[in-house]
Amino acid sequence: RDLKQIKKMKANAIRLDPWDIHEDHSDFLQLAQETGLFVIPTFDFKQYADPDYHASDEDIRDSLWSDFRTFMRSANQTQDGFEKSPILAWSINYAFPVNESVPLDQQSLGQEGPKLK
């Protein structure tokens, strides 16, 4: 139902944030393909940037790399069997403020940057 509404809004793709590496997304991808929408799976990087995530740098790096490989494998396996892949691109959720239009001191204070005209 939501995919049909998104398509009516003239969208051509939907971004999944985050893509759960432990779930089977093949039914969703099938519906997206039938609706004419591409899918952009997103790897969730947030947990590795969380200050409460207590692990050594090496353990974080190893866990991150392992989870990213699982993310890519799960997305690739999920799209098997499709004549044309509904996956348009991949994205990574950085979980860091990366808005270059707002000065860093304003980002940290939660203030808005300059208004665009």
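**Exercise 1. Decide whether K10 is buried or exposed, and describe its place in the chain.**

Solution. Start with the accessibility: K10 has a relative accessible area of 75%. The cut-off for exposed is over 50%, so K10 counts as exposed. The model used here is a predicted one. Next, locate the residue: K10 sits in the loop that runs between α1 (2-8) and β1 (13-16). Last, look at the backbone. Most residues other than glycine have a negative phi. K10 is not a glycine, yet its phi is positive, at about 75°.

**Exercise 2. Work out how many helices and strands the protein has, and in what pattern they follow one another.**

Solution. Count the elements: there are five helices and three strands. Then read along the sequence, which gives the pattern α-β-α-β-α-α-β-α.

**Exercise 3. Find the strand that holds S91, decide whether S91 is buried or exposed, and list what S91 touches.**

Solution. Step one: S91 belongs to strand β3, which covers residues 91-93. Step two: the relative accessibility of S91 is 17%. Buried means under 20%, so S91 counts as buried. Step three: leaving out residues up to four places away in sequence, S91 touches R15, I40, P41, T42, F43 and F71. Step four: look for polar contacts between side chains. One joins S91 to R15 at 3.3 Å, and another joins S91 to T42 at 2.7 Å.

**Exercise 4. Describe the largest pocket: its volume, its lining residues and the elements that supply them.**

Solution. The volume of the largest pocket is about 160 Å³. Its lining consists of P18, W19, D20, I21, H22, T42, F43, D44, Q47, Y48, D67 and F71. Sorted by character, six of the lining residues are nonpolar, three are polar and three are charged. Now assign elements: β2 (38-44), α3 (46-49) and α4 (57-78) each supply at least two lining residues. The most comes from β2, with three residues. Compare with Exercise 3: T42, F43 and F71 are among the residues that S91 touches, and T42, F43 and F71 also line this pocket.

**Exercise 5. State what share of the protein is buried, what surface it exposes and how far apart in sequence its contacts reach.**

Solution. Of the 117 residues, 25% are buried. The exposed surface is about 8700 Å², and carbon and sulfur atoms supply 52% of it. For contacts, take those with a separation of 6 or more: 69% of them join residues 24 or more positions apart.

Definitions and conventions
Residues are numbered from 1 along each chain as its sequence is written. This is a predicted model: local features need pLDDT of at least 70, side-chain atom pairs count only at pLDDT 80 or more; totals for chains, interfaces and linings use all residues. Side-chain values use heavy atoms; hydrogens and water are left out. Helices (H or I, at least four residues) and strands (E, at least two) are DSSP runs, numbered from the N terminus. Buried means under 20% relative accessible area, exposed over 50%, partly exposed in between (1.4 Å probe, protein chains only). A polar contact is a pair of N or O atoms within 3.5 Å; within protein, one must be able to donate a hydrogen and the other to accept it, and residues adjacent in sequence count only if both atoms are side-chain atoms. Contact means heavy atoms within 4.5 Å. On a 1 Å grid over the protein atoms alone, a cavity is a set of points where a 1.4 Å probe fits but cannot get out, and a pocket is an open set with protein on both sides within 12 Å along at least five of seven lines; lining residues have an atom within 4 Å of a point. Grid points are joined across faces, edges and corners, and a volume is the space filled by probe spheres set on the points. Ala, Val, Leu, Ile, Met, Phe, Trp, Tyr, Cys and Pro count as nonpolar, Asp, Glu, Lys and Arg as charged, and the others, Gly among them, as polar. Accessible areas come from the Shrake-Rupley method with a 1.4 Å probe; for residues, only the protein chains shown count as cover.
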